[in-house]
Amino acid sequence: MPRVIDTDEADDALRANLVTLHGLLRQMLGGAGVGAGGQVVAGLSPAEEADIDQALIDTYARVGITSDPLTHNSTPPTISDLYDTLLHMGGTGPSLAQRLRKFTSGTFAGIFSQQSNIDINNNMVVFNIRDLEDEL
């Protein structure tokens, strides 16, 4: 979370962070699937989008991060925390958790399921993605 001074900026900072996470999760979970009638369905349904939104808000709140700028120095949640929130909520939460599981305890677990050890406050940060799986 970026450092902010007043509460208006703090609310915007949290909201901007959640919007960014929505985009990432849309990419991770929004692959094409097969609907009830056998038709191909792309992306996330409105109910899934709403449940992801609530799960993100709840996950940040569970680790003590709210729109209050004093909470922004808390350790941010991991995707495993989000998985746990989705798993225990109603609606499409458990289904979304199942789709997210490969990133928490499955094949791609080491990439997203832990705190980063990268200091992104450097003047330049380079991420080499050459050896990253095509799916990622």
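These exercises work through a predicted model, starting from a single charged residue and ending with the chain as a whole.

## Exercise 1: D84 and its partner

Find how exposed D84 is, and then identify the residue that meets its side chain in a salt bridge.

**Solution.** Start with accessibility: D84 has a relative accessible area of 29%, so it counts as partly exposed. Next, look for a partner of opposite charge. The side chain of D84 meets that of R62 in a salt bridge, at 2.9 Å from N to O. Finally, place the two on the chain: D84 belongs to helix α3 and R62 to helix α2, and the pair links distant parts of the chain, 22 residues apart.

## Exercise 2: The remaining salt bridges

How many salt bridges does the model have in total? Work out which helices the other pairs link.

**Solution.** The count comes to 3 salt bridges. Take E49 and R26, whose side chains meet at 3.0 Å, N to O. This pair runs from helix α2, which holds E49, to helix α1, which holds R26, across 23 residues of sequence. R26 is partly exposed, at a relative accessible area of 38%.

Now take R99 and E48, with their closest N and O atoms 2.7 Å apart. Here R99 sits in helix α4 and E48 in helix α2, 51 residues apart. Check both ends for burial. With 29% relative accessibility, R99 counts as partly exposed. E48 comes to 11%, which is under the 20% cut-off, so E48 counts as buried.

## Exercise 3: One face of α3

Which residues of helix α3 are buried, and why can they be said to line one face?

**Solution.** First list them: helix α3 spans residues 79-87, and its buried residues are I79, L82, Y83, T85 and L86. Then look down the helix axis: these buried residues fall within an arc of 165°, so they line one face of α3.

Now zoom in on one of them. T85 lies in helix α3 and has a relative accessible area of 8%, so it is buried. Leaving out residues up to four places away in sequence, T85 touches A55, D58, T59 and R62. R62 is also the salt-bridge partner of D84.

## Exercise 4: The nonpolar core

Which members of the largest nonpolar core touch the most other members, and which elements give two or more residues to this core?

**Solution.** The core has 21 residues, and L25, I52, L82, L86 and L100 touch the most other members. Going by element, α1 (7-29), α2 (46-62), α3 and α4 (93-104) each give two or more residues. The largest share, 5 residues, comes from α1.

To see the packing around one member, pick L25. Not counting residues up to four places away in sequence, L25 touches G30, I52, L56, L82 and L100.

## Exercise 5: The whole chain

Put the parts in order along the sequence, and describe the chain's contacts and surface.

**Solution.** Begin with the elements: there are 5 helices and 2 strands, arranged as α-β-β-α-α-α-α along the sequence. Then turn to burial: of the 136 residues, 29% are buried. For contacts, consider those between residues at least 6 apart in sequence; 53% of them join residues at least 24 apart. Last comes the surface: the chain exposes about 9000 Å², with carbon and sulfur atoms supplying 52% of that area.

Definitions and conventions
Residues are numbered from 1 along each chain as its sequence is written. This is a predicted model: local features need pLDDT of at least 70, side-chain atom pairs count only at pLDDT 80 or more; totals for chains, interfaces and linings use all residues. Side-chain values use heavy atoms; hydrogens and water are left out. Buried means under 20% relative accessible area, exposed over 50%, partly exposed in between (1.4 Å probe, protein chains only). Helices (H or I, at least four residues) and strands (E, at least two) are DSSP runs, numbered from the N terminus. The arc is that of the directions from the helix axis to the C-beta atoms. A nonpolar core is a set of buried Ala, Val, Leu, Ile, Met, Phe, Trp, Tyr and Cys residues joined through side-chain atoms within 4.5 Å. Contact means heavy atoms within 4.5 Å. Accessible areas come from the Shrake-Rupley method with a 1.4 Å probe; for residues, only the protein chains shown count as cover. A salt bridge is a side-chain nitrogen of Lys or Arg within 4 Å of a carboxyl oxygen of Asp or Glu.
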